[in-house]
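Trainee: Could you take me through one part of this model in detail? I'd like to follow a single sheet and whatever packs around it.

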Amino acid sequence: MTKRVFMTTDQKFTLLNASASEWESIKEYLPANMNKSRANVYRRNFELEPFPKVSVGARVWTNDDFFNDKSLVSCAYAGMIAADGCIGDKGVKQPRISLSLDSKDTEYLDLMKCALGGTVTSSRSMSTWRASSAKMAKDLDENLNIGPRKSLTLTPPDGLSADQSLAFIAGYIDGDGCYGLHDYKSRPTLQILGTKAVLEWINFWIFDETGCPRPKDKMKPNGVWALRASGDDAILARSRYIELDIPRLHRKKLLWESRGANLDLMGRGKIVQ
């Protein structure tokens with residue numbers, strides 16, 4: 001005898017208002033014993049399109065042309081991939097592109113999946129977005145200079161407008177940036193890690209145009225460079241991109257505010273080593 005499925009009003013609303021392509025994104029909100037076949041029986045009672053059957057080995061949908069268009073959103077996601085992502089070798093027929101973040105940031109990856117396709121998997125401590133697309137990998141490489149084994153060789157993208165550059169930088173800082181506070185006072189700090197070429201480009205866009213001097217880059221043993229700022233310099237740098245309408249890691253975006261940073265401009269702090 002088939003066990004009956006009990007649903008709350010919210011679960012029924014979710015099931016009946018989802019499109020036929022949204023099964024993977026809604027199933028976690030439904031009862032544990034609600035499989036696709038049972039869901040389709042319920043939807044047919046309301047003359048709704050059933051969730052399609054997916055054959056074993058079917059290709060996961062990817063928005064292959066996403067990085068062909070240099071929109072602010074695509075530039076922001078590209079910046080995040082440049083910082084924390086991984087791209088498979090060019091010789092592979094369908095190179096895998098992936099991005100792993102703390103499980104607290106799963107919502108960011110879910111939004112990324114909606115725009116780029118692919119899949120998101122989660123564990124207790126980490127969530128990972130993955131997509132396999134030769135076209136996406138090609139566009140990241142040719143349009144935004146993001147390729148395999150990029151940690152020590154990454155160069156900044158070419159031909160971006162001011163807003164596109166700032167969107168890319170915002171995404172990059174979400175990945176390889178760190179917002180902090182000096183312990184003995186509520187003075188905000190900002191540190192960005194990367195290659196010398198990328199940090200010089202970031203410096204041009206978010207520090208030089210506020211009238212701040214160039215930083216003294218410090219070479220670390222592993223070949224990664226650091227760009228640091230504190231006080232007014234850090235506040236002004238963040239102000240360049242904070243209002244852009246792009247996907248952000250909210251946990252980082254408002255970290256200063258959540259920790260009680262003093263964000264009044266006081267003429268304090270310079271770019272430091």
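How many bridges join S1 to strand S2 (residues 96-102), and in which sense do the two run?

Mentor: Happy to. This is a predicted model, in which local features need pLDDT of at least 70 and side-chain atom pairs count only at pLDDT 80 or more, while totals for chains, interfaces and linings use all residues. Residues are numbered from 1 along each chain as its sequence is written, and side-chain values use heavy atoms, with hydrogens and water left out.

To your question: S1 and S2 run antiparallel and are joined by 3 bridges. Two strands count as paired if DSSP finds at least two bridges between them. Strands (E, at least two residues) and helices (H or I, at least four) are DSSP runs numbered from the N terminus. Within this pairing, Cys-86 stands opposite Ser-98 in S2.

Now step back to the sheet. S1 and S2 belong to an open sheet of 4 strands in the order S1-S2-S4-S3, with antiparallel pairing. The edges are S1 (85-87) and S3 (119-122), each of which pairs on one side only. From one strand to the next, the twist averages 20°. Angles here run from 0 to 180 degrees between N-to-C directions, and axes are lines fitted to C-alpha atoms, for helices over the stretch in contact.

Two helices come up against these strands. Helix H4 (residues 72-84) lies across S1, S2 and strand S4 (126-132), running at about 80° to S1. Helix H6 (residues 134-144) packs on the sheet too, touching S1, S2 and S4, and its direction makes about 75° with that of S2. Contact means heavy atoms within 4.5 Å.

Let's stay with H4 for a moment. Its 13 residues should span 18 Å at 1.5 Å a residue, and its end C-alpha atoms are 18 Å apart, so the two agree; the expected span is 1.5 Å times one less than the number of residues. In H4, 10 of the 13 residues are buried, so the helix is largely enclosed by the rest of the structure. Buried means under 20% relative accessible area, exposed means over 50%, and partly exposed is in between (1.4 Å probe, protein chains only). Among the buried residues of H4 are Cys-75, Tyr-77, Met-80 and Ile-81. Their cover includes S1, S2, S4, H6, helix H5 (106-116) and helix H7 (162-176).

H7 deserves its own look. Two packed helices are described by the angle between their axes and the distance between the axes. For H4 and H7, the axes come within 7 Å and cross at roughly 35°. The crossing is right-handed, meaning that the near helix is turned clockwise from the far one by less than a right angle, whereas anticlockwise would make it left-handed. Residues meeting across this interface include Cys-75, Gly-79 and Ala-83 in H4 and Ala-167, Phe-168 and Gly-171 in H7. Asp-174 is another of the H7 residues that take part.

Asp-174 also has a charged partner. Its side chain meets that of Arg-248 in a salt bridge (2.8 Å, N to O); the term asks for a side-chain nitrogen of Lys or Arg within 4 Å of a carboxyl oxygen of Asp or Glu. The pair links distant parts of the chain, 74 residues apart, with Arg-248 in the loop between helix H9 (232-239) and helix H10 (250-253). Arg-248 and Asp-174 are both buried.

Back at the sheet, H6 has charged pairs along its own length. Asp-139 and Lys-135 form a salt bridge at 2.6 Å, N to O, and, being 4 residues apart in H6, they are separated by about one helical turn. Asp-139 is buried at 3% relative accessible area, whereas Lys-135 is partly exposed at 30%. Salt bridges that share partners join these two with Asp-65 into one network. Glu-142 forms a salt bridge with Lys-138, the closest N and O atoms being 3.1 Å apart, and this pair too is 4 residues apart in H6, about one helical turn. Lys-138 counts as partly exposed at 43% relative accessibility.

Finally, follow the chain into the loop between H6 and H7, where you find Asn-145. Its phi is near 60°, a positive value in a residue other than glycine, and Asn-145 is partly exposed at 21% relative accessibility. Arg-149 is found in the loop between H6 and H7 as well. The phi of Arg-149 is near 45°, also positive in a residue other than glycine, and Arg-149 is exposed, with a relative accessible area of 65%.
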